[in-house]
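This report introduces a protein structure to a reader who has not met it before. The sequence and the three-dimensional structure are shown first, and the description follows.

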Amino acid sequence: MVASVSIKSNSIKLRKEFATIQKRFPSKIKQILANVSAGQLRRIRIRTEKGKSVNGSPFAPYSTKPFFFNIGRESNPRYKFFEGGYREFRGATGRNTKPDLNFRGNMLSAMTTKVTSLKGSIFFGRQEENRKAFFHDIQGAGKSKVVRPFFSINKTEEDLIFKEFDIKLEKILKWVKEKILQGT
């Protein structure tokens, strides 16, 4: 699973200026994309930890269907019955009973970014965490296959990314103009 930030424009003039900057100062564009990608990664984490889906609605609550759950290690399993289901199990283990997709913190901490001179991508650095994210976000997790979409960019966040990019690009353009005037 990958969420990407790419730069596209309908304006021929803007596209040409951007292409010129990309050719002359690729590290500056990569720096901007790295900043906006890291900002979006942070927004996804914060939103998810608050129990909010990509569209801002609360995640579906944890199951309250009774079940047996292993409270021991895999090598030494100990099963216990939880009348209140997975929600009760999380409470009994000292974890949040409101969905935040965080059990040990491995999945959200595995999110990382990769940047080229053309785009910034957010992805999961470990295959196991990518698999968990796929089930939560697309396939559905648990026996009930509950989908809790979190790994995407909504319209508000997209607008924020473009705004951040524009502000940082303006600074680069200003810097480039100063360099040109200085004859560098």
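Two strands are said to pair if DSSP finds at least two bridges between them. Helices (H or I, at least four residues) and strands (E, at least two) are DSSP runs, numbered from the N terminus. The structure is a predicted model, in which local features need pLDDT of at least 70 and side-chain atom pairs count only at pLDDT 80 or more, while totals for chains, interfaces and linings use all residues. Residues are numbered from 1 along each chain as its sequence is written, and side-chain values use heavy atoms, with hydrogens and water left out.

**Overall architecture**

The protein chain contains six helices and five strands. Along the sequence these elements follow the pattern β-α-α-β-β-α-α-β-β-α-α. The chain has 184 residues, of which 30% count as buried; buried means under 20% relative accessible area, exposed over 50%, and partly exposed in between (1.4 Å probe, protein chains only).

**A strand pair**

Strands β4 (residues 111-115) and β5 (residues 119-124) pair in the antiparallel sense, with five bridges between them. The connection from β4 to β5 is a hairpin of three residues. Within this pair, T113 stands opposite I122 in β5.

**Nonpolar cores**

A nonpolar core is a set of buried Ala, Val, Leu, Ile, Met, Phe, Trp, Tyr and Cys residues joined through side-chain atoms within 4.5 Å. The largest such core has 13 residues, and those touching the most other members are I44, M107, M111, I122, F124, F150 and F151. At least two residues of this core come from each of α2 (26-49), α4 and β5. A second, separate core comprises 12 residues, among them F25, I32, I161 and L169.

**Salt bridges**

Side chains of opposite charge can pair when their charged atoms come close. A salt bridge is counted where a side-chain nitrogen of Lys or Arg lies within 4 Å of a carboxyl oxygen of Asp or Glu. The whole structure holds five salt bridges, including the three tabulated here.

| Salt bridge | N to O distance | Relative accessible area |
|---|---|---|
| D100 and R90 | 3.4 Å | D100 9%, R90 1% |
| E129 and K132 | 2.9 Å | E129 3%, K132 28% |
| D159 and K155 | 3.0 Å | D159 38%, K155 54% |

In the salt bridge between D100 and R90, D100 belongs to the loop between α3 (85-92) and α4 (106-109) and R90 to helix α3, so the contact ties together parts that are 10 residues apart in sequence. D100 is buried, and R90 is buried as well.

The partners E129 and K132 are three residues apart in helix α5 (residues 127-139), a separation of about one helical turn. Here E129 is buried, whereas K132 is partly exposed.

D159 and K155 also lie within one helix, α6 (residues 155-182), at a spacing of four residues, or about one turn. D159 is partly exposed, and K155 counts as exposed.

**The largest pocket**

On a 1 Å grid over the protein atoms alone, where a 1.4 Å probe tests the space, a pocket is an open set of points with protein on both sides within 12 Å along at least five of seven lines, and its lining residues have an atom within 4 Å of a point. Grid points are joined across faces, edges and corners, and a volume is the space filled by probe spheres set on the points.

The largest pocket encloses about 1400 Å³ of space. Its lining consists of 37 residues, with F69, Y86, F103, H136 and G142 nearest the centre. The elements β2 (67-70), α3, α4 and α5 each contribute at least two lining residues, and α5 provides the largest share, five residues. By type, the lining divides into 15 nonpolar, 11 polar and 11 charged residues. In this scheme Ala, Val, Leu, Ile, Met, Phe, Trp, Tyr, Cys and Pro count as nonpolar, Asp, Glu, Lys and Arg as charged, and the others, Gly among them, as polar.

**Loop residues**

Most residues other than glycine have a negative phi. L101, however, has a positive phi near 55°. L101 is located in the loop between α3 and α4 and counts as buried at 8% relative accessibility. K145 likewise has a positive phi, near 55°. K145 is placed in the loop between α5 and α6, where it is partly exposed at 47% relative accessibility.

A60 occupies the loop between α2 and β2 and is partly exposed, at 31% relative accessibility. The C-alpha atoms of A60 and P99 are 7.3 Å apart, although these residues are separated by 39 residues along the chain.
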